[in-house]
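This report goes through selected local features of one protein chain, from helix ends to buried space. Please keep the sequence and the model side by side while reading.

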Amino acid sequence: MPNPFTPEHEAFRKSVHQWVERELAPHALEWDRAGIFPKEVFAKAGELGFLGINHDPRYGGSGLDYWYVTAFCEELVHSRNAGVNMALLVQGQMATPIINEIGTDEQKRLFLEPALKGEKIAALGVSEPGVGSDVANLKTTARRVGDDYVINGSKMWITNGTRADFITLAVRTGPEGYGGISLLTFPTDVKGFSVSKKLDKIGNLSSDTAILFFEDCRIPARYVLGEENEGFYHIMTNFQGERLTAALIANAGMDLMVNDAIRYGNERSAFGKPLIKYQVWRHKFVEHLTAIEASRRLAYHAVELFEAKESPVKEISMAKLFAGDLSQRVAYDCQQFYGGMGYIEETPIARAFRDIRLITIGGGTSEIMKEIVSKLVGF
């Protein structure tokens, strides 16, 4: 395919890279050890226009195409902190796109606009204890009482969960199954809402991930997104953007890991010659670079279809599946190449090794991706 990036895309890419290298990367280890990063990162990202790249300009977005989002994802990995990357992508590409697409003017003014500025922190509340990818069986309920909804239940694995100002929340408003699900814009300052627990993860350490609890939380019925009981379709549509960013992040992350390893291999000698001069490693890295390029092109094809407003569910699922599974092998080999240094937290490959594990789990597991594709191709 021809190069999809114009000079304008590349200028944007450069601005992202400079910000990431200057203001995020130097704090990568510090923020992982703290288990959180400063809220000011959201504000700065909003100020630079990185949270509303492809959102409506009337509410603070830039209205740009998805190739700008692609460039953003590819440069974000240079933060060397997957937790920060996850939190920013949840804010700009997971919790807010639904509001941008189907929200009312009031919802956009109250929730979308301050989120794109980084003034309010957003979370996406879909997964529940015992209910991950099986969205049609979620249990959190929203019961209509006059002009309000009364919400009861819990959510789990919620990124930005401990400090979110609002949640794009999936709830059950109707009968069992996908036909009874709605989406709400839920402000977290409501009585009855609480953060039940901050989860201790093995990776993405600087992003706060929480279990949330709702007990008779009352919000205005006008905060429903779209039509009542039609939320399942919008959740599935939103998943496509989430999964596509996962593939893009994985590809860029693999590229960074391999190039870091090659530089290290030129500097580190063993038995009289640089490590990279040993054929077993040269050939292994050539294989990985080839596979990464194939994975990137698969993802770019999905971006092309996504930008054209088609419904590339199969292509996006394939891209996430391929990039996710490949990333596990690439991370393993890169860490092995470093030897003992690859087992030290200060070495970026050690953190990348544990962080990349989430790609095959979050946003739909690799097994779910296979199931989606198998149904779409007819078996």
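Helices here are DSSP runs of H or I with at least four residues, numbered from the N terminus. The model is a predicted one.

## Helix 7 and its end

Helix 7 covers residues 105-116. Its buried residues are Gln-107, Lys-108, Phe-111, Leu-112, Glu-113, Pro-114, Ala-115 and Leu-116. The cover over these residues includes three helices, namely helix 3 (40-47), helix 5 (82-94) and helix 6. It also includes strand 4 (166-172), strand 5 (181-187) and strand 8 (224-225). After helix 7 comes Gly-118, which has a positive phi near 80°.

Gln-91, in helix 5, has Gly-118 and Ala-115 among its contacts beyond four places in sequence. The others are Phe-42, Leu-51, Thr-96, Lys-120, Ile-121, Ala-122 and Asn-160. Gln-91 counts as buried because its relative accessible area is 0%, and the cut-off for buried is under 20%. A polar atom of the Gln-91 side chain lies 2.7 Å from the backbone nitrogen of Ala-122.

## Positive phi outside glycine

Most residues other than glycine have a negative phi. Two residues in loops depart from this sign. Asn-229 has a positive phi, near 70°, and sits in the loop between strand 8 and helix 8. With a relative accessible area of 25%, Asn-229 is partly exposed.

Phe-271 is the other case: its phi is positive, about 55°. Its loop runs between strand 9 (269-270) and strand 10 (273-274). Is Phe-271 buried or exposed? Phe-271 is exposed, because its relative accessibility is 84% and the limit for exposed is over 50%.

## Nonpolar core

In soluble globular proteins, nonpolar side chains tend to be buried together. The largest nonpolar core of this model has 110 residues, and Leu-88, Ile-151, Phe-186 and Phe-214 have the most contacts inside it. Helix 8 gives the most to this core, with 16 residues.

Phe-186 touches two of those residues, Ile-151 and Phe-214, when neighbours within four places in sequence are left aside. On the same basis, Phe-186 is also in contact with Asp-165, Phe-166, Ile-167, Leu-169, Phe-193, Cys-217 and Ile-219.

## Cavity

How many cavities of 30 Å³ or more are there? The count is one, and the volume of the largest cavity is about 30 Å³. The residues lining the largest cavity are Ile-98, Leu-124, Val-126, Leu-183, Ile-235, Asn-238, Phe-239 and Glu-242. By class, six are nonpolar, one is polar and one is charged. Helix 8 (residues 231-267) contributes the most to this lining, with four residues.

Ala-170, in strand 4, is in contact with Val-126, Leu-183 and Ile-235, which are among the residues lining the largest cavity. Outside four places in sequence, the contacts of Ala-170 also include Gly-125, Leu-138, Thr-140, Lys-155 and Ser-182. Ala-170 is buried, at a relative accessible area of 0%. Between the C-alpha atoms of Ala-170 and Met-254 there are 33 Å in space, and the two residues are 84 apart in sequence.

## Second largest pocket

The second largest pocket holds about 780 Å³ of space. Its lining has 26 residues, and those nearest its centre are Glu-101, Thr-237, Asn-238, Phe-306 and Lys-309. Asn-238 is also one of the residues that line the largest cavity.

Which helices each supply at least two residues of this lining? They are helix 6 (97-102), helix 8, helix 9 (279-307) and helix 10 (313-338). Helix 8 gives the most, with seven residues. The lining of the second largest pocket is made up of 11 nonpolar, 10 polar and five charged residues.

## A buried glutamate

Glu-75 belongs to helix 4 (residues 66-76). Glu-75 counts as buried because its relative accessibility is 9%. The side chains of Glu-75 and His-17 make a polar contact of 2.7 Å. With neighbours within four places in sequence set aside, Glu-75 is in contact with Arg-13, Val-16, His-17 and Val-20.

Methods. Residues numbered from 1 in each chain as written. Heavy atoms only, no water. Buried < 20%, exposed > 50% of the residue type's maximum accessible area, 1.4 Å probe, protein only. Polar contact = N/O pair within 3.5 Å; in protein donor to acceptor, adjacent residues only side chain to side chain. Contact = heavy atoms within 4.5 Å. 1 Å grid on protein atoms, 1.4 Å probe; cavity = no way out; pocket = protein on both sides within 12 Å on 5 of 7 lines; lining within 4 Å. Points joined across faces, edges and corners; volume = space filled by probe spheres on them. Nonpolar A, V, L, I, M, F, W, Y, C, P; charged D, E, K, R; others polar. Core = buried A, V, L, I, M, F, W, Y, C linked by side-chain atoms within 4.5 Å.
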